[in-house]
Amino acid sequence: MSISGQKIRVPENIDFPKEEEKILKYWKDIEAFQTCLKQSKNKPRYSFYDGPPFATGLPHYGHILAGTIKDVVTRYAHQKGYHVERRFGWDCHGLPVEFEIDKTLGIKGPSDVEKMGIDKYNAECRKIVMKYANEWENIITRMGRWIDFKNDYKTLYPSFMESVWWVFKELYNKGLVYQGVKVMPFSTACSTPLSNFESGQNYKDVVDPTVVVTFPTDRGFSLLAWTTTPWTLPSNLSLCVNPKLIYIKIKEKASGQCYVLQENRFPVIFKNIEDFEIMEKFPGETLKGVKYTPIFDYFVGKCKNAYQVLTDSYVTDDSGTGIVHQAPYFGEDDFRVCLANGIITRDQEIICPVDASGKFTEPVKDFLGQYVKDADKNIIANLKSRNRLLHSGQVKHSYPFCWRSETPLLYKAVPSWFVRVEQMSKDLIKSSEETYWVPDYVKEKRFGNWLRDARDWAISRNRYWGTPIPLWVSQDKQEIVCVGSIAELNKLTGKNITDIHRENIDHLEIPSSRPGQPPLKRVSEVFDCWFESGSMPYAQCHYPFENKKEFEEVFPANFIAEGIDQTRGWFYTLIVLSTALFKKPPFKNLIANGLILASDGQKMSKRKKNYPDPLDVVHKYGADALRLYLINSPVVKADNLRFKEEGVRDVIKDVFLPWYNAFRFLMQNVERIIQEDKIPYKFNENADRVNVMDKWITSFTQSLIQFVTKEMAAYHLYTVVPRLTKFIDNLTNWYVRMNRKRLKGENGVKDCQVALDTLFGVLYDMVRVMAPFTPFLTEFIYSTLRQLLPGSSMESVHFNMIPEPKLNVVDSVIERAVERMQAVIELGRVVRDRKTIPIKYPLPEMVIIHQDQTYLDDVNSLLSFVLEEMNVKKVTLSSDKEKYGITLRAEPDHKILGARLKGDFKAVTQALKDLTNEQCENLISKGYVELVGQRIDVSEVRIIFQAKGNDQYEAHSDNDVLILLNVTPDQEMLDEGFAREIINRVQKLRKKGHLVPTDEVDVYFAVNKSSDISRIINMHRELIESTVKAPLKPIEELSVSKPVVIQETQELKGSELKLVITWRKDVEMPVSPWANVILQGVTPRFGNEASQGSIILKDGDNKYIFLDKLYKEIEILFGLYGMKFSLWCEGREVINTGDLNAKTIVVSLTEPKAIEAETVPFCKFVNVANGKKTATIFLENPKGKVTVTKGEALAFLSSHYGIKVNDF
């Protein structure tokens, strides 16, 4: 139906994904996102940073989740009156790109890149940086996220890289940059060190070899050290013990050998302790300075103080021997302790005989060229052959792997450029304190702990595809120039460079400021890509070279969001650089989301295929459903989510369909008031609401808007959806359900208009409030609602501001009263379900018992709704429980208490069962009870109410109000319930026939003669007909001219009830007997395309044609010459043409499937009559194929039948 050419009728069913596709096209047509930005151009700014992903991989659920959070918040900010620039960013440099190229080109290490040439290598990297950019844009757009892809930023843009240089120079000028050696996690597959937060991203459980090695001393005993990295033993320079732990010297009785190890480790290392004698006990401090025989001689003489015992508290007694072997250039603690004790010095030559590919180099001649992990077995064999191996075995432990190559990391010393972070610790914590996080514990604990233990940040990488570190250094390292811009570089070199990737600047030299000295050359390293992403607030707008004023107006950002793993990644680098540059945080508000796991709790894996493809889920259920499922999950509170597809499906079932049905019901009744009452409906915002339910749903809606406003200000996205679900329940199952008659106009036009205005207003408010969360469904509903708004309206729901809550219509008393009414009705429904008494069957009485008179008064104010909803003849309100013989008893909630109490559960269960009625009442009033030394909360107990000596009542309570339901209906009530069951069957059949309330239909019924259904229909005819809004007639009154909409035979209380719904108006039908014909599993031939046709069953002599003639007619009609087929009707093979009138014949090779028969001919026809003579001819046959014009048909009938034509 339409008003002034505008469509307001909405379909009975909705395909959410298909409607979303239409809305995406609509947004594109009206340039919705760009229009939003223009609309808000002069409004206050709300700044948002989008963390850049790599486009070398496809987006997964983690990206979709973070993107949804960002979209909800930024849409909401726009609709609260802010201008929100939303630019997409791309991480284009670094390992993810290089690793792909290394795999593709078979590059094994730096020498391969040097042979190829950095220019060619980087050209290959540049080719793939946007490999999946189109897929990213498609998926993000399909999810309904509005973000600017055209005005994006990429870390490879020279403007971005130049700002990174500026950031670095600022740090350099502040004295925060230095070069040093640091033991770092090192990826041998990628030939580069990783930062601590990168190495922490990918721990795996692995099995490694363990060895216990002897270190002989000149004091008559050997020190025993344990390690899981035998490959580090060739680089051993010292041993370390804990100065405060107790160590023992033991003697093997059989051999006389003496060993020293930590006391608690003795029975772990030696299972046969009875074979040993403890000779001496002493603190670890005693061993300090003890010299031992080196295990290998590769580095003897390199460090004069090497090969002695050191002490440090990092050594523990929970693993190994309590004596740690130290290779200072392969362990952080090793390096720290050896440096502190003078075993090594900062400026000495590094003792690190392992190259960038993880292979041994000179002087480790025995294992030269072997990958260190592969060399473990050979080292163990070597130790064994020299009697230095006491024991070998295996251990399963957690070990870091490269997040990109999935290869084990090594800890090794690497010369690197560092940013001094440790000295900034207090400033970092202060910056963090100025930010607001959701959830806050991530900031206080996880992030706070990381900041407190912050270490200097190694920002250099020995790679190629990245922003080069802009340091030019002299050969003698006495002169360093830090370049902070492209212009500065051009000035210093005399060149004109525009792109500052390595291939363009590595060859550039800067003249020395010292006469006679060679020029300065650039250091070879590039920036860690985390340094680039941490610089994005400045680099995305080319600060400070451009947009200086604009940047400073919106810095810090109002909002950022990413996964919880970014606490040691992007969140950290952002705050380090911002604090170093400006002494303040880079953002004000942050949402950290958790991880999305497969449904079994495992990590999502493409290889295992243990999760559904995101786009498949979107195509199946729609983006809105996926968005709401994610937003309403623990993952928004930084907990993990086990992704379950049925959870997305449930959003459709529990939220969207009820919401849509409430909207559809509104539009049906708007259509009704326009059609039947001839009222040109327009929404009246100021309708005078006197009905208590109108006041209630309006108040509840405004309370919800107030709640959403408050929670969104606190970035609590996860609290909104549960309240929305509650709202949908209140709207559909309470307001619409209880006001159906009013909304249908049964209480008069004026009351109907107010009810429609109320429902319209509620839905109009909700689509605006929920637009940021479910952008598609709200747009779909709004597109119809806006046609009924007075005056002009905006093209999109997203152009509307979120309404401010109208606190003047919030009525807490009414909300409380309705909530109490709902409570007693819900309790009553539970009792009906328990006793299997459907709501259609009326019951004599419901008793509501509560001690608070206000509670009873609240229910009394809404008593008519209780009577109707509970379908009871009488409701009694009382505060006298004893009058009805009510007693209480308690039972444990087995699931809750059993899990908590374990061994004490049995005793507590008995104590609960022994509680008296009075004690149970005390438990309810106090909220807990002390039993058997345990505090038992009322929420852990089931309170059971019994109506003793009063069998007609069934009791139920929610621990607040008690209801009694008289469950003994009389015959009259049973008959009424039966009548309501008939109504239910008719209404369901109407729905199945896709009828709307304004459709004018008649209902015909047939039952077997012995059935009691006819008596009940006659007794309650007025109730039935007034409810279904159609006359109910015996099937004998059904004429052929009545077009059947739908018919069905159903079983009802042991009888068969046939229902036929027809259109009220008669339609012209063929005057000659006829039948429809449909092909099933048979294809029409010889130019025929349609598979439906119609047949006249009588010949010119007014006699039914024979069966062979029928076969011949169908053969000609569809071109089925020479084919063997059979004819079927109503599940049986046709044997007689005389009983086929107005039925459907199925043409099939085998027994056909059941079909839904049409009651009117498939083909257009014309009837003619002259006195007693009548005839019919089809104007098309098969369907859609014109055979004759109407004039030709009339002429043919006139000559064929010899009759004078009177066309009708």
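The following exchange introduces a predicted model through its salt bridges, helix packing and backbone geometry.

Colleague: How many salt bridges does the structure hold?

Modeller: Side chains of opposite charge can pair when their charged atoms come close. A pair is counted here when a side-chain nitrogen of Lys or Arg lies within 4 Å of a carboxyl oxygen of Asp or Glu. The number of salt bridges in the structure is 64.

Colleague: Aspartate 506 and arginine 502 meet in a salt bridge; which of these residues is buried?

Modeller: The two side chains meet at 2.7 Å, N to O. Aspartate 506 has 27% relative accessibility and therefore counts as partly exposed. A relative accessible area of 8% lies under the 20% cut-off. The buried residue is arginine 502.

Colleague: How many residues apart are arginine 829 and glutamate 869?

Modeller: The side chains of arginine 829 and glutamate 869 form a salt bridge of 2.9 Å, N to O. This pair links distant parts of the chain, with arginine 829 in helix H29 (residues 812-834) and glutamate 869 in helix H31 (residues 863-870); their separation is 40 residues.

Colleague: Is glutamate 869 buried or exposed?

Modeller: The relative accessible area of glutamate 869 is 7%. Residues under 20% count as buried. Glutamate 869 is therefore buried.

Colleague: Which strands hold lysine 1033 and aspartate 1002?

Modeller: The side chains of lysine 1033 and aspartate 1002 meet in a salt bridge of 3.7 Å, N to O. The pair ties together parts that are 31 residues apart in sequence, because lysine 1033 and aspartate 1002 lie in strand S38 (residues 1032-1034) and strand S37 (residues 1001-1007), respectively.

Colleague: What is the relative accessibility of aspartate 1002?

Modeller: Its partner, lysine 1033, counts as partly exposed at 23% relative accessibility. Aspartate 1002 counts as buried, and its relative accessibility is 2%.

Colleague: Which residues are joined into one network by salt bridges that share partners?

Modeller: In this network, salt bridges are linked through the partners they share. The residues joined in this way are Asp50, Lys70, Arg145 and Glu562.

Colleague: Are helices H13 and H20 roughly parallel or roughly perpendicular to each other?

Modeller: Helix H13 (residues 425-433) packs against helix H20 (residues 570-582) at an angle of about 110°, with the axes 10 Å apart. Angles from 65 to 115 degrees count as roughly perpendicular. H13 and H20 are therefore roughly perpendicular.

Colleague: How many charged residues does the contact of H13 with H20 have?

Modeller: On the H13 side are Asp427, Leu428, Ser431 and Ser432, which meet Ile575, Val576 and Thr579 in H20. By class, this contact of H13 with H20 has three nonpolar residues and three polar residues, and the number of charged residues is one.

Colleague: What is the class make-up of the contact of H1 with H28?

Modeller: Helix H1 (residues 16-29) and helix H28 (residues 775-785) pack at about 80°, with their axes 9 Å apart. H1 is thus roughly perpendicular to H28. The contact is made by residues including Phe16, Ile23 and Trp27 of H1 and Phe776, Leu777 and Phe780 of H28. By class, the contact of H1 with H28 has nine nonpolar, no polar and three charged residues.

Colleague: Which residues does histidine 1020 touch, not counting residues up to four places away in sequence?

Modeller: Histidine 1020 is in the loop between helix H36 (1013-1019) and helix H37 (1021-1028). At 14% relative accessibility, histidine 1020 counts as buried. With residues up to four places away in sequence left out, histidine 1020 touches Asp975, Glu976 and Ala979.

Colleague: Is the peptide bond from tyrosine 543 to proline 544 cis or trans?

Modeller: Most residues other than glycine have a negative phi, and most peptide bonds are trans. Proline 544 lies in the loop between helix H18 (536-539) and helix H19 (548-554). For the bond from tyrosine 543 to proline 544, omega is near 0°, and the bond is cis.

Colleague: Where is proline 556 found?

Modeller: A cis peptide bond, with omega about 0°, joins phenylalanine 555 and proline 556. Proline 556 is found in the loop between H19 and strand S25 (557-563).

Colleague: What is the phi of histidine 542?

Modeller: Histidine 542 is placed in the loop between H18 and H19. The residue is buried, with a relative accessible area of 12%. Although histidine 542 is not a glycine, its phi is positive, at about 60°.

Notes:
Residues are numbered from 1 along each chain as its sequence is written. This is a predicted model: local features need pLDDT of at least 70, side-chain atom pairs count only at pLDDT 80 or more; totals for chains, interfaces and linings use all residues. Side-chain values use heavy atoms; hydrogens and water are left out. Buried means under 20% relative accessible area, exposed over 50%, partly exposed in between (1.4 Å probe, protein chains only). Helices (H or I, at least four residues) and strands (E, at least two) are DSSP runs, numbered from the N terminus. Axes are lines fitted to C-alpha atoms, for helices over the stretch in contact, and angles run from 0 to 180 degrees between N-to-C directions. Angles under 35 degrees count as roughly parallel, over 145 as roughly antiparallel, 65 to 115 as roughly perpendicular and the rest as oblique. Contact means heavy atoms within 4.5 Å. Ala, Val, Leu, Ile, Met, Phe, Trp, Tyr, Cys and Pro count as nonpolar, Asp, Glu, Lys and Arg as charged, and the others, Gly among them, as polar.
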